Amino acid sequence: RDFYNEPFLLLLKTSVEPSTIIYTLDSSAPNGTNGLIYTDGIYIDSTCVVKAIAYSEQDTSMIETHTFIFPSSVAKQGKKPAGFPQIWGGSSIIPADYEMDPEIINNPAYSPEIPGALQSIPSVSLTMNIDNWFNQYTGLYVGYPNSDISREKAVTAEFLFAKPDENFAVECGVQNQGGTSIINWKVPKQSMRLLFKEIYGPTKLKYKLFPDSDIKSINTLVLDGLLYSWVHPFDEKQRITSLYFRDQLASDMQNKMGWPSFHGIYVNLFINGLYWGIYDLHERPDEDFMEEYLDADKEDFDIIKHNPNTIVAGSNSAYLEMLELARKGLSTAEALKNIQKYLDLPAFIDYMILNFYLGNYDWAHQNYYAARNRVQNTGFRFYTWDAEHVMRYSDVNYNNLQKNDTGGPTEIHTLLKQNKEYQIMFADAVYKLFFNDGKLTPESLEESFLFRKNEIESAVILESARWGDYRKDISDGVTYTKNDHWIPEVNKVLEEYIPGRRDIFLSQLRAGIPKLFPTYLPPVIIVENQSSNSTRKIELKNSNTTDGE
C-alpha cells in the first residue's frame, strides 16, 4: 500500500502449498464463491483496492488488503465510478457525488500541486463491500433515520504515512458519527467513527498516532468531515468563512493550557478507492480516553455528553447533585467550598475562559463532555467537543458571556459569578492566560492556528475539487476554492481576529455584571540582580501605562 506514479505488476504468494489464491478488485471480501483465481500477476495502473485470501482443503487464510493510490487517477475521478450507485438512499434520495471537479484539477493555479497535496497529510483508506456502504435500508452511508446511528459494519482501515514502512492495515468497526449532520442528508460528506473491538480485530489500536500525545493505545477514532465546511446546506456565511480546523484548534488550545482534550491529525480519506475529502481524525473523550490519560480504570468514570441526561459511562447522579447544589446558591464561601467536591474549579475556569475567548457560538446547550473519577472522588472536568463554531464568521466582537444554558457549564458559571472569591479566581486565571507568555496570548493562539493552517494548506485543494462545487448547482452557484475563499479567511483571522480579540474580550469581561476582570492590570514586580547576595533591588512598574510610571 502506497502512492504510485508508474504501472507495475503485483505478485501474490503464499507460504502454504498447495493452495489457491482468490482476489477481488471491487473491495468485496474474496472467498470460495467470490473473486478471481490468481495465476501470474495483476497489472496495476490506476488507484485500486486488492483483497486476497489463500485457501486449501485444510485451511483458509485471513484476508489481506492493500490500497494502491495513483494521483493521476484520483485527479480523473469521475461522476459515476464503476460499481457505485447513482443515488444515495435513506430518508430522502439525493444524487451521489463522486467527481473531482475538472475546473479545479485542470486549473494551472492548482494542478501542479495535486500529487503533493495527496501526500501532504496521511491517508486513511476504508474498504468493505459496496452494499455495506450504500444499501438504502441496511447500509452505513445512507443518512439517518434510515441508517441506525448505532449500526456498525466491519471494515478494513489502512493508514498511509509519509514513510511507507510505517503504513499498516487494521480490521475494525465503522459507524455513523454526528447529530444533525446525518439527519435527512443535511450534508453529503458524512462523519464516521472507527471502533476497535474483538469481534472485528484488535481491541485497541496500538500506534502512536498523534505527535503531541504520548498515548499509544486507542479504542475509538472519529473521522470528522463536517468541520464548518463548504457543503453546509443553508448557512452561506459559514461556507464563505470555512477554515476546516476550528474544532481541532479549540481542543489544541485546551491541551496547551494543560488540561487533557482530544488530539487529532488531518487525513485524506478514501472509501473503496475513491477520494472522499479532508477529515479530522481525532480522539473521543470517553471512558477509554479517560483511562489512558488519567491513569485509572475506565469503569471508574462518570461521563455525560451534551446534557445532564446523556450518559456515556457510569452515572449522572453526581452531576445532578452538583446542579442541585449550585441552584441553591453559590454566593457564600461555604457554598464555593462545597461545589468543589463536585467540580474541578481551576479546570472549569480555564474551560470557560477558552470558550468565551474563542466565542463559541454553538454551545453550551450541547457540544461538551463532562467527566469525573467517582472512585477517586475528583470533580467534574469539561472537555471541548464539536467546537466548529468558535471564531464564528471570524467576528472579533462576538460576545457570548451571557450564555446561560440549563444544565450545562454556562448555567454553573452564571451561578458561580455571584461569588466574590470566584470572581477573583476567574480574573487571576485570565491574567495568567493572557499576559506574560500565557497560553492564550495572541502569540500563542497564532502559533497553534498556523500549525493547523500549514498542516492542511495543500490538501484544501483536494477538498475544493471534491466538495467545493457541491452547492454550485443546488443553491448559490459558487465553487469554493483555496485561493478565493480559504486563504482570504485565513488572512482575516491572522490580521484581524487574533491581534484584536484579546483586548476586545478583556473589555467584555470588564463591562459585564459582575465585572470579571479589573479595569487596571496589577503592577509588575521586577527584581534586579545585584553583585551582593544579601541585597536585592525591587522595582514596581505600572503595567497600565506606556511609560511605565
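**Exercise 1: helix 11**

Find what covers the buried residues of helix 11.

*Solution.* Start with the cover: it includes helix 8 (317-327), helix 9 (333-339), helix 10 (345-357), strand 19, strand 20 and helix 12 (420-434). Cover is read from contacts, meaning heavy atoms within 4.5 Å. Helices (H or I, at least four residues) and strands (E, at least two) are DSSP runs, numbered from the N terminus. This is a predicted model, where local features need pLDDT of at least 70 and side-chain atom pairs count only at pLDDT 80 or more, while totals for chains, interfaces and linings use all residues. Residues are numbered from 1 along each chain as its sequence is written, and side-chain values use heavy atoms, with hydrogens and water left out.

Next, count. Helix 11 spans residues 409-416, and seven of its eight residues are buried. Buried means under 20% relative accessible area, exposed over 50%, and partly exposed in between (1.4 Å probe, protein chains only). Now name them: Pro409, Thr410, Glu411, Ile412, His413, Thr414 and Leu416.

**Exercise 2: strand 19**

Describe how strand 19 is covered, and identify its partners.

*Solution.* Strand 19 runs over residues 368-373, and six of its six residues are buried. Split them by direction. Tyr368, Ala370 and Arg372 point one way. Tyr369, Ala371 and Asn373 point the other way.

Then look sideways. Strands pair if DSSP finds at least two bridges between them. Strand 17 (residues 301-305) is antiparallel to strand 19, with five bridges. In that pairing, Ile304 stands opposite Ala370. Strand 20 (residues 381-384) also runs antiparallel to strand 19, with four bridges. Here Tyr368 faces Thr384.

**Exercise 3: salt bridges**

How many salt bridges are there, and which parts of the chain do some of them tie together?

*Solution.* A salt bridge is a side-chain nitrogen of Lys or Arg within 4 Å of a carboxyl oxygen of Asp or Glu. The count is 23. Take three of them in turn.

1. The side chains of Glu158 and Arg1 meet at 2.7 Å, N to O. Glu158 lies in strand 11 (residues 152-160) and Arg1 in the segment before strand 1 (2-3), so the pair ties together parts that are 157 residues apart in sequence. Both residues are buried.
2. Arg246 bridges to Glu489, with the closest N and O atoms 3.2 Å apart. Arg246 sits in helix 6 (residues 246-256) and Glu489 in helix 16 (residues 482-511), so this pair ties together parts that are 243 residues apart in sequence. Arg246 is buried at 2% relative accessible area. Glu489 is buried too, at 5%.
3. Asp288 and Lys298 meet at 3.4 Å, N to O. Asp288 is in helix 7 (residues 287-294) and Lys298 in the loop between helix 7 and strand 17, 10 residues apart. Asp288 is buried at 6%, whereas Lys298 is partly exposed at 31%.

Finish with shared partners. Glu113, Lys453, Glu457 and Lys482 are joined into one network by salt bridges.

**Exercise 4: cysteines**

How many disulfides does the structure hold?

*Solution.* Apply the rule: a disulfide is a pair of cysteine sulfur atoms within 2.5 Å. The structure holds zero. Then check the accessibility of two cysteines. Cys48 is buried at 15%. Cys172 is buried at 0%.

**Exercise 5: helix 14 and Gln238**

Is helix 14 mostly covered or mostly open, and which residues does Gln238 touch?

*Solution.* Helix 14 covers residues 459-467, and nine of its nine residues are buried. Among them are Glu463, Arg466 and Trp467.

Turn to helix 5 (residues 236-240), which contains Gln238. Gln238 is buried at 3% relative accessibility. Leave out residues up to four places away in sequence. Gln238 then touches Tyr228, Ser229, His232, His389 and Tyr393.

**Exercise 6: a surface patch**

Which residues form the nonpolar patch on the surface?

*Solution.* Patches are made of residues with over 30% relative accessible area and no salt bridge: like charges are joined within 9 Å, nonpolar side chains (Val, Leu, Ile, Met, Phe, Trp, Tyr) within 5 Å. The members are Ile525, Val527, Ile538 and Leu540, with about 430 Å² of accessible area together. That area comes from the Shrake-Rupley method with a 1.4 Å probe, and for residues only the protein chains shown count as cover. Strand 21 (524-528) and strand 22 (537-541) each give two or more residues to the patch. Val527 is found in strand 21.
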